[in-house]
Structures are given as structure tokens and as C-alpha cells.
Amino acid sequence: MAELSITELSDDIRAAIAELKQRPEIENVGVITRVGDGIAWVYGLSGAGYNEMLEIDGTSGQKITAFALNLAEDEIGAVILGDDTQVKAGAKVRLSGTVLEVPVGPELVGRVVDPLGNPLDGGSALKAKHTSRVERPAPGVLDRKSVHEPLMTGLMSIDATVPIGRGQRELIIGDRQTGKTAIAVDTMVNQARQKTGVINVYVAVGQKLSKIAALKERLKREGVMDQTIIVAT
């Protein structure tokens, strides 16, 4: 069996490297055709998956996050999760290769964040150890813990007539300015007074920042903010 010397092997490697040709990288890039009402229509991303996160080149140079929702034959309807005023027709869009995920865990407690988990309270960036997909199969009925203890709201008229179980869904319905938010906030405050350990998640949809700031200050005074997460859109 012939032995291959180190010199011959080195020469073979050099020859192989010299014969290598640089291959151009292929990047799948789409272009925004129109924007309106927080939706960007993208042409050219045929390989996008449902709920896949997209990166849009903003007008000021930053990356705007969106996710693919409507997958048509020749274009994609993407929901813009950032500042839609920075998104214009003609901007380039790239695939991220990941579906829509958000940070989860105790690091969010006591913070005000946007739907993607970015802090809005001026505090430090979140360092969550775990993330979770937004769209995922719900646990089966047998896998869920049964409702076996009440969730006291602190309002006698509710707790006595229509008691709510912990883990149960309850709809507060009514006209504008009838006290729906007050019931929810009072229930959150009562969890701190009763020391139940319940984590409150308050989602403010389309509310002014001044109103959200006032809510945060009230929850701080009541000692509830330490077990509350505020999500503002």
C-alpha cells in the first residue's frame, strides 16, 4: 500500500482550493407593493410559511417585524408588528426562517411590554430564558387542571351571584363607560390583598400611553404591579 507524504497531501489540498469557484449566495427577497391599516402586501416571497416572521427594511434604516398571515398565490399579506409609518411601498422584505414567537417566563412580571415582548416602560431589555409560539395546539380537556377553587373578585355582587372559578373564562360585556375596566382592575387589586399569587395580564388595545402610565402607577400604589404584566399595543 502506497504511503501519501505530507508534502503531496498539502499540494493536493492547495490544488483543490485553487479550483474552488465562489458561488453567489441566493437570497429570497420580496418587495412591498402597498401598505394600509397595518397590513403590508408583499410580492416575491413564494417560500414564506404561515405565521413566519418577516424583516422589513424601514425608511429610517431599522428592521420592522411582521408576520405572514394571508398566503395568496402571487403575494403575501403580512401584519406589521412595529411602527407601520416606517414601512413604505418598494421596501425590501426578507424571511427570518422562524414562526412568530414571544418571550415567556417570570422575567415579564412587573413590566410593560409590547406584543413581541419589547419593553415599553423604559427599563432594561428582557432576558427571558424561554420563548413560546403564538400559534400552537391547545392542551386537551383531560390534560387541563379542573376548576376546583374560586377566583374572588372582591365585589360581593359578583362573588355571591355569579362566582368565577380559577382557570375559568369570563366575559365582561357592556356599553362604553359602564365600568368594565374598573371591574377587571378591582379584581386584580383583590388578588394582591388576598395574596393569592395569581399573575395578572392586562392587555391594553389601542389605549393612550398616558392612560397606561396612570394604570401602572395605580397598580404600584396598590402593590399589584409585582404580580402583573401589562401588554400594550
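Into which domains is the protein divided? The protein is divided into domain 1, covering 29-99, and domain 2, made of 102-134 + 147-232, where the bounds come from an automatic or database domain assignment. The C-alpha centres of domain 1 and domain 2 lie 31 Å apart.

This is a predicted model, in which local features need pLDDT of at least 70 and side-chain atom pairs count only at pLDDT 80 or more, while totals for chains, interfaces and linings use all residues. Residues are numbered from 1 along each chain as its sequence is written, and side-chain values use heavy atoms, with hydrogens and water left out.

## Overall form

The secondary structure of the protein comes to four helices and 11 strands, where helices (H or I, at least four residues) and strands (E, at least two) are DSSP runs numbered from the N terminus. The radius of gyration of the protein is 26 Å, well over the 17 Å that the globule rule gives for 233 residues, so the protein is more spread out than a compact globule; this radius is taken over C-alpha atoms, and the rule is 2.2 Å times the number of residues to the power 0.38. Along the principal axes, the C-alpha atoms fill a box of roughly 90 × 50 × 40 Å.

The protein exposes about 16,200 Å², of which carbon and sulfur atoms supply 54%, with areas taken from the Shrake-Rupley method with a 1.4 Å probe, and with only the protein chains shown counting as cover for residues. Buried residues make up 29% of the 233 residues, where buried means under 20% relative accessible area, exposed over 50%, and partly exposed in between (1.4 Å probe, protein chains only). Of the contacts in the protein with a separation of 6 or more, 58% join residues 24 or more positions apart, a contact being heavy atoms within 4.5 Å.

## Two nonpolar cores

In soluble globular proteins, nonpolar side chains tend to be buried together. A nonpolar core is here a set of buried Ala, Val, Leu, Ile, Met, Phe, Trp, Tyr and Cys residues joined through side-chain atoms within 4.5 Å. The largest such core has 16 residues, and those with the most contacts inside it are Ile 32, Leu 45, Ile 56 and Val 93. The elements that give two or more residues to this core are strand 2 (39-43), strand 3 (52-57), strand 4 (63-71) and strand 5 (76-80). When its neighbours within four places in sequence are left aside, Ile 32 is in contact with residues including Trp 41, Val 42, Ile 56 and Val 93. A second, separate core of 14 residues includes Ala 204, Leu 215, Val 224 and Ile 230.

## Helix 3 and its surroundings

Helix 3 runs over residues 180-194, and at 1.5 Å a residue its 15 residues should span 21 Å, which agrees with end C-alpha atoms that are 21 Å apart; the expected span is 1.5 Å times one less than the number of residues. Among the buried residues of helix 3 are Val 185, Met 188, Val 189 and Ala 192, and what covers the buried residues includes strand 10 (200-204), helix 4 (209-221) and strand 11 (228-232).

Is Gln 191, which is found in helix 3, buried or exposed? Gln 191 is buried, with a relative accessible area of 1%, and, not counting residues up to four places away in sequence, Gln 191 touches Leu 151, Met 152, Thr 196, Val 198, Asn 200 and Gln 227. Just after helix 3, Lys 195 takes a positive phi of about 55°.

## Residues in loops

The table places four loop residues beside their relative accessible areas.

| Residue | Loop | Relative accessible area |
|---|---|---|
| Asn 51 | between strand 2 and strand 3 | 7%, buried |
| Glu 107 | between strand 7 (101-104) and strand 8 | 25%, partly exposed |
| Ser 124 | between strand 8 (112-113) and strand 9 (130-133) | 53%, exposed |
| Gln 177 | between helix 2 (156-161) and helix 3 | 77%, exposed |

Most residues other than glycine have a negative phi, and most peptide bonds are trans. Asn 51, however, has a positive phi near 70°, and Gln 177 has a positive phi of about 60° although it is not a glycine.

Glu 107 and Ile 229 are 122 residues apart in sequence and 9.8 Å apart in space, C-alpha to C-alpha. Not counting residues up to four places away in sequence, Glu 107 touches Leu 126, Lys 127, Ala 128 and Lys 129. Ser 124, with its neighbours within four places left aside, is in contact with Arg 111 and Pro 119.
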